[in-house]
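Biologist: I would like a close look at one strand and its surroundings. Please keep it brisk, and give the reasoning along with the numbers.

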Amino acid sequence: MGLSFPPSTPIPFSLCRTPGCPMQAVARRFEERVPLTVRVDLCSLDVRHRTQEGLTENISVHGARVVSTSPWRQNERLNLWSLPGDFRARARVVYCEPLGQNSFAIGLQLLASSGGWN
């Protein structure tokens with residue numbers, strides 16, 4: 001039995017389990033991202049790492065893209081705090097891409113959150 005989706009329905013990433021699967025190219029987000037620049041603190045759950053500051057580029061209900069000066073490992077768990085607001089979240093690093101010298105874009109999946117961004 002095959003799965004079919006109406007043309008406007010995003011294809012879930014979980015349906016593509018093989019590397020290089022052509023469906024990845026057409027997969028889209030389920031949630032709309034909102035451009036928002038907020039200063040945040042990123043704190044690894046590993047107490048040996050120092051807290052880092054970053055800036056959000058965009059946010060959604062379950063995710064955020066943050067620019068930081070240091071790389072983060074994929075699947076690393078961290079705590080995120082917005083500095084001008086009372087937003088708090090436990091997050092998982094989905095990706096970390098270099099943007100330039102000492103600049104990295106970090107995709108975060110928000111696992112649990114409270115408060116507001118501003």
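Start with the pairing. How many bridges join β3 to β4, and do these strands run parallel or antiparallel? Then take β4 further: is R65 buried or exposed, and which salt bridge does R65 form?

Modeller: One caution before the details: this is a predicted model.

Pairing comes first. β3 and β4 run antiparallel, and five bridges join them. The two strands make a hairpin, with three residues between them. Within this pair, I59 faces A64 of β4. β4 also has a partner in β7, which covers residues 103-114. That pairing is antiparallel too, and it counts six bridges. Here R65 stands opposite G107 of β7.

Now burial. β4 spans residues 63-68, and six of its six residues are buried, so the strand is largely enclosed by the rest of the structure. In a regular strand, side chains alternate between the two faces of the sheet. β4 can be read that way: G63, R65 and V67 point to one side. A64, V66 and S68 point to the other. Both sets are buried.

R65 deserves its own look. Its relative accessibility is 18%. The cut-off for buried is under 20%, so R65 counts as buried. This arginine forms a salt bridge with E57, and the closest N and O atoms are 2.5 Å apart. E57 itself is partly exposed, at 36% relative accessibility. The contact goes beyond a single pair: E57, R65 and E97 are linked in a network of salt bridges.

The count for the model is four salt bridges, taking a side-chain nitrogen of Lys or Arg within 4 Å of a carboxyl oxygen of Asp or Glu. Another of them joins E53 to R39, with the closest N and O atoms 3.6 Å apart. E53 lies in β3 (residues 52-59) and R39 in β2 (residues 39-44), so this pair ties together parts that are 14 residues apart in sequence. E53 is partly exposed, at 46% relative accessibility. R39 is partly exposed as well, at 43%.

D46 and R48 form a further salt bridge. There the closest N and O atoms are 2.6 Å apart. D46 is partly exposed, at 22% relative accessibility. R48 has a relative accessible area of 70%, so it counts as exposed.

Last, the backbone in two loops. Most residues other than glycine have a negative phi, and most peptide bonds are trans. Against that background, two asparagines are worth checking. N75 has a positive phi, near 75°. This residue sits in the loop between β4 and β5 (77-82). N75 has a relative accessible area of 41%, which makes it partly exposed. N102 has a positive phi as well, near 55°. Its place is the loop between β6 (88-100) and β7. N102 is exposed, at 52% relative accessible area.

To sum up β4: the strand pairs with β3 over five bridges and with β7 over six. Its six residues are buried. Among them is R65, at 18% relative accessibility, which bridges to E57 at 2.5 Å and belongs to a network with E57 and E97.

Definitions and conventions: Residues are numbered from 1 along each chain as its sequence is written. This is a predicted model: local features need pLDDT of at least 70, side-chain atom pairs count only at pLDDT 80 or more; totals for chains, interfaces and linings use all residues. Side-chain values use heavy atoms; hydrogens and water are left out. Helices (H or I, at least four residues) and strands (E, at least two) are DSSP runs, numbered from the N terminus. Buried means under 20% relative accessible area, exposed over 50%, partly exposed in between (1.4 Å probe, protein chains only). Two strands pair if DSSP finds at least two bridges between them.
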